[in-house]
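Open the model in a viewer and keep the selection panel at hand. The stops below say what to select and what is found there.

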Amino acid sequence: MGIYDEIIRDFANFVKSLPTSFYIRIGYEFDSDSNHYDAIEYQNTFRHIVDIFRSLNVSNSVFVWHSSGEKPRDHLALKNWFPGIDYVDWCGVS
């Protein structure tokens, strides 16, 4: 359990309660120099957030993996940041 799980669950329940669809962009521009994410921690966090939404049966949201479109920080290939096809519904690039 993460220290923000309660906040994530509250947000997931809020999303679930509304009669509209949500595109949830987790860690936007994850590979930008302005963000300081570790690639493995980013993948794990993305999956963890999606797992919380799924455990609460939130069916009106999709999850967006959104690159900065620049040369990735630390020269890592984009595949090193990808949380997996089972967790990403849409991809975006700035």
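Begin with Asn-57, which sits in the loop between H2 and S2. The model is predicted, and the backbone here is worth a look: phi of Asn-57 is near 55 degrees, a positive value in a residue other than glycine. Is Asn-57 buried or exposed? With a relative accessible area of 57%, Asn-57 is exposed, because the cut-off for that class is over 50%.

Go next to the loop between S1 and H2 and select Glu-29. Its phi is near 45 degrees, again a positive value in a residue that is not glycine. Keep Glu-29 displayed, since Glu-29 is one of the contacts of Ser-67, a later stop.

**The β-α-β unit**

Now colour three elements: S1, helix H2 (residues 39–55) and S2. Together they make a β-α-β unit, and the unit is right-handed. S1 and S2 run parallel and are joined by four bridges.

Within helix H2, select Ile-49. Its relative accessibility is 15%, so Ile-49 counts as buried. Which residues does Ile-49 touch, not counting those up to four places away in sequence? They are Ile-8 and Ile-26. For Ile-26, place a distance label between the C-alpha atoms: Ile-49 and Ile-26 are 23 residues apart along the chain, and the separation is 8.3 Å.

**Strand S1**

Select residues 22–25, which make up strand S1. Show the side chains and sort them by face. Phe-22 and Ile-24 belong to the covered face, while Tyr-23 and Arg-25 belong to the uncovered one. In a regular strand, side chains alternate between the two faces of the sheet.

From Phe-22, step across to the partner strand: the residue standing opposite Phe-22 in S2 is Ser-61.

**Strand S2**

Ser-61 lies in strand S2, which covers residues 61–67. At a relative accessible area of 10%, Ser-61 is buried. Apart from neighbours within four places in sequence, Ser-61 is in contact with Val-15, Phe-22, Ile-24 and Phe-53. Of this set, Phe-22 and Ile-24 were seen on the covered face of S1.

How many of the seven residues of S2 are buried? Six are, so S2 is largely enclosed by the rest of the structure.

Move along S2 to Ser-67. Ser-67 counts as buried, because its relative accessibility is 4% and the class takes values under 20%. With neighbours within four places in sequence left aside, Ser-67 is in contact with Glu-29, Phe-30, Asp-31, Leu-78, Gly-92, Val-93 and Ser-94. Glu-29 is the loop residue with positive phi from the earlier stop. Another distance to display is the one from Ser-67 to Phe-82: the two are 15 residues apart along the chain, and their C-alpha atoms are separated by 9.9 Å.

**Strand S3**

Add S3 to the view. S2 and S3 pair over four bridges in the parallel sense. To find the register, select His-66, which stands opposite Gly-92 in S3. Gly-92 also appeared among the contacts of Ser-67.

Then select Trp-90, in strand S3 (residues 90–93). Trp-90 is partly exposed, with a relative accessible area of 46%. What is Trp-90 in contact with, leaving aside neighbours within four places in sequence? The list is Tyr-23, Val-62, Phe-63, Val-64 and Trp-65. Tyr-23 was met on the uncovered face of S1. A label from Trp-90 to Gln-43, 47 residues apart in sequence, should read 15 Å from C-alpha to C-alpha.

**The surface patch**

For the last stop, show the surface and select Ile-3, Tyr-4 and Ile-7. These residues form a nonpolar patch on the surface, and together they have about 400 Å² of accessible area. Ile-7 lies in helix H1, which spans residues 5–17. Ile-7 is exposed, with a relative accessible area of 56%. For contrast, go back to Ile-49 in helix H2: Ile-49 counts as buried, at 15% relative accessibility.

Note on methods: Residues numbered from 1 in each chain as written. Predicted model: local features only at pLDDT ≥ 70, side-chain atom pairs only at ≥ 80, totals over all residues. Heavy atoms only, no water. Patch = residues over 30% accessible without salt bridge, like charges linked within 9 Å, V, L, I, M, F, W, Y side chains within 5 Å. Areas by Shrake-Rupley, 256 points an atom, 1.4 Å probe, with all protein chains shown as cover. Salt bridge = Lys/Arg side-chain N within 4 Å of Asp/Glu carboxyl O. Helix = DSSP H or I, 4+ residues; strand = E, 2+ residues; numbered from the N terminus. Buried < 20%, exposed > 50% of the residue type's maximum accessible area, 1.4 Å probe, protein only. Contact = heavy atoms within 4.5 Å. Pairing = 2+ DSSP bridges. Right-handed = clockwise from strand over helix to strand, strands pointing away.
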